[in-house]
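The following exercises introduce the structure shown below. Please attempt each task before reading its solution.

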Amino acid sequence: MDTIVDIAKAIKIQAKDVNVFYGEKQALNDVSIDIEDRSVTAFIGPSGCGKSTFLRCFNRMNDVIPSCRVEGSIMMGDVEVNSPQTDPVLLRARIGMVFQKPNPFPKTIFENVAYGPRIHGLAQSKSELDDMVEDSLKKAGLWGEVADRLADQATGLSGGQQQRLCIARAIAVGPDVLLMDEPCSALDPIATSVIEELISELQQRFTILIVTHSMQQAARVSQKTAYFHLGTLVEYGDTKDVFTLPKNEQTEAYISGKIG
Amino acid sequence: MDTQKHISSAFDQDLTILNDALQQLGDLACQQLEGAIEGLAMQNEANLDKVIKGDAALDALEAEINEKAIEVIAIRSPRAKDLRYVLVALKVATILERMGDYARNIANRTKVIMTAGNENIPGVNIGRMGQVTQEMVRDAMLSYQNRDAEMALAVWRRDIEVDHMHTAFHKEVLASMSRNPNMVGTGAHLLFIAKNIERIGDYATGIAEQVHFLVEGAMPDEDRPKADKTSKVVGT
């Protein structure tokens with residue numbers, strides 16, 4: 001329709017010709033993708049397709065695997081993620097990560113969130129740190145449930161609450177980007193809905209990349225979807241197009257439940 | 001049907017059930033239409049009664065298709081072509097059921113015309129109209145069966161033939177009514193019958209559009225040719 005103006009979003013991250021090797025085995029082949037700012041991009045595909053490997057490229061998590069070698073370029077603004085000059089610790093403050101299983105530190109709720117700002121020296125005073133913790137817990141939609149028990153052990157929280165605590169912990173250090181690797185796979189449907197609602201809210205402030213095995217989840221939370229197969233980016237486009245009229249037959253077969 | 005199977009064989013079975021039921025409904029609608037047109041041409045009361053009674057089967061089958069489609073959506077979460085497949089089944093079933101209603105209405109009106117006992121009923125164009133419409137419905141269902149978007153487009157473009165015949169017949173009946181006041185009652189029913197047949201032609205194009213959407217993922221992108229001028233005819 002004429003009245004709808006298509007406003008192209010700014011590009012937050014540009015990945016170009018990314019190849020990943022585990023020893024001799026190539027796990028990703030020449031993956032190039034532009035990630036839009038303040039949007040949710042879902043990576044989908046069968047197990048072993050390379051989607052998690054690709055996600056881990058964005059904050060150099062593959063560095064911790066000795067046999068892993070990453071080639072190509074991932075530019076976030078003027079920062080080359082793959083450059084040896086880029087400090088992975090500082091990079092991970094800008095690009096936070098939430099994992100499959102909630103992994104809170106065996107510390108209090110407060111300490112879990114305060115840990116990042118403290119080691120990065122982001123707070124000048126106790127009250128400033130308190131404010132950061134409160135702000136992060138509010139953004140993660142957890143404050144109302146834990147405000148009166150910040151000194152309790154984080155491990156006493158429910159699975160869904162623990163996962164939101166991990167999100168609060170990730171955003172406490174002020175990242176631009178959040179990587180989520182199957183963040184709801186260990187949660188029940190209610191906790192999953194809460195996290196998905198949270199993702200929609202967080203998208204206003206952060207660029208979110210999410211790996212999910214749930215195609216319904218990818219369809220619900222993301223604006224862009226990338227389909228991977230055998231280490232290759234097969235199709236990348238608007239989520240509504242990928243799930244209604246995919247261009248590629250492999251994508252169609254996967255989203256229709258015809259290949260595993 | 002697509003050759004590539006789902007991992008879940010039950011999903012394939014569900015889609016097959018939906019497909020078979022829709023084909024069956026298409027066959028029934030064609031039979032009803034044929035019965036109504038033949039009944040009109042031959043003034044055969046037994047044929048007309050069969051059409052009137054036969055409509056309930058279409059209603060029941062449409063309800064079954066609706067129920068199955070809702071079940072597939074709720075349980076299988078179909079996507080892409082599978083989703084279009086289910087949505088198209090729902091829409092085409094509604095169209096076929098409506099065609100059945102029009103066939104029944106033609107049969108009812110023909111029976112009224114028969115009791116009036118008018119002779120010299122103007123009927124050349126309406127017979128041809130009925131024939132073309134039946135061909136369109138058959139071809140539309142065949143294009144569905146074969147997932148043939150080109151064939152569907154051919155049906156879609158053919159509707160203009162029915163429109164032309166409808167306009168001509170409309171004028172013919174009006175002329176007959178103005179010449180012979182005894183023809184007014186019969187003529188009014190004939191106008192409705194002709195309109196019913198013309199609407200069935202429109203519905204055939206509706207099926208064709210759905211087939212195009214199923215195969216291509218989009219409705220036909222050209223304007224459908226139309227030539228039904230009866231709404232502008234004021235007299236003879």
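**Exercise 1: Two packed helices**

Task: Describe how helix H3 and helix H4 of chain A pack, and state which residues make the contact.

Solution. Step 1: helix H3 (residues 109-119) of chain A packs with helix H4 (residues 126-139) of chain A at an angle of about 115°, the axes being 9 Å apart. Helices are DSSP runs of H or I with at least four residues, strands are runs of E with at least two, and both are numbered from the N terminus. Axes are lines fitted to C-alpha atoms, for helices over the stretch in contact, and angles run from 0 to 180 degrees between N-to-C directions.

Step 2: on the side of H3(A), the contact is made by Phe110(A), Val113(A), Ala114(A), Pro117(A) and Arg118(A). H4(A) contributes Leu129(A), Met132(A), Val133(A), Ser136(A) and Leu137(A). Two residues are in contact if their C-beta atoms, placed from the backbone, lie within 7 Å.

The model is predicted: local features need pLDDT of at least 70, side-chain atom pairs count only at pLDDT 80 or more, and totals for chains, interfaces and linings use all residues. Residues are numbered from 1 along each chain as its sequence is written, while chains are lettered from A and ligands numbered from 1 in the order in which they are written.

**Exercise 2: The sheet of chain A**

Task: Determine the strand order of the open sheet in chain A, and which strands stand at its edges.

Solution. Step 1: the order of the 4 strands is S2-S1-S4-S5, with antiparallel pairing. Two strands pair if DSSP finds at least two bridges between them.

Step 2: strand S2 (25-36) and strand S5 (79-80) of chain A are at the edges; each has a single partner strand, so one side of each lacks a neighbour in the sheet.

Step 3: strand S1 (residues 11-22) of chain A pairs with S2(A) over 8 bridges. Gln14(A) has Asp34(A) in S2(A) as its bridge partner.

**Exercise 3: The two chains**

Task: State the secondary structure and the C-alpha extent of chain A and of chain B.

Solution. Step 1: chain A holds 10 helices and 10 strands. Its C-alpha atoms fill a box of roughly 55 × 40 × 40 Å along the principal axes.

Step 2: chain B has 6 helices and 0 strands, in the pattern α-α-α-α-α-α along the sequence. The C-alpha trace of chain B spans about 70 × 40 × 20 Å along its principal axes.
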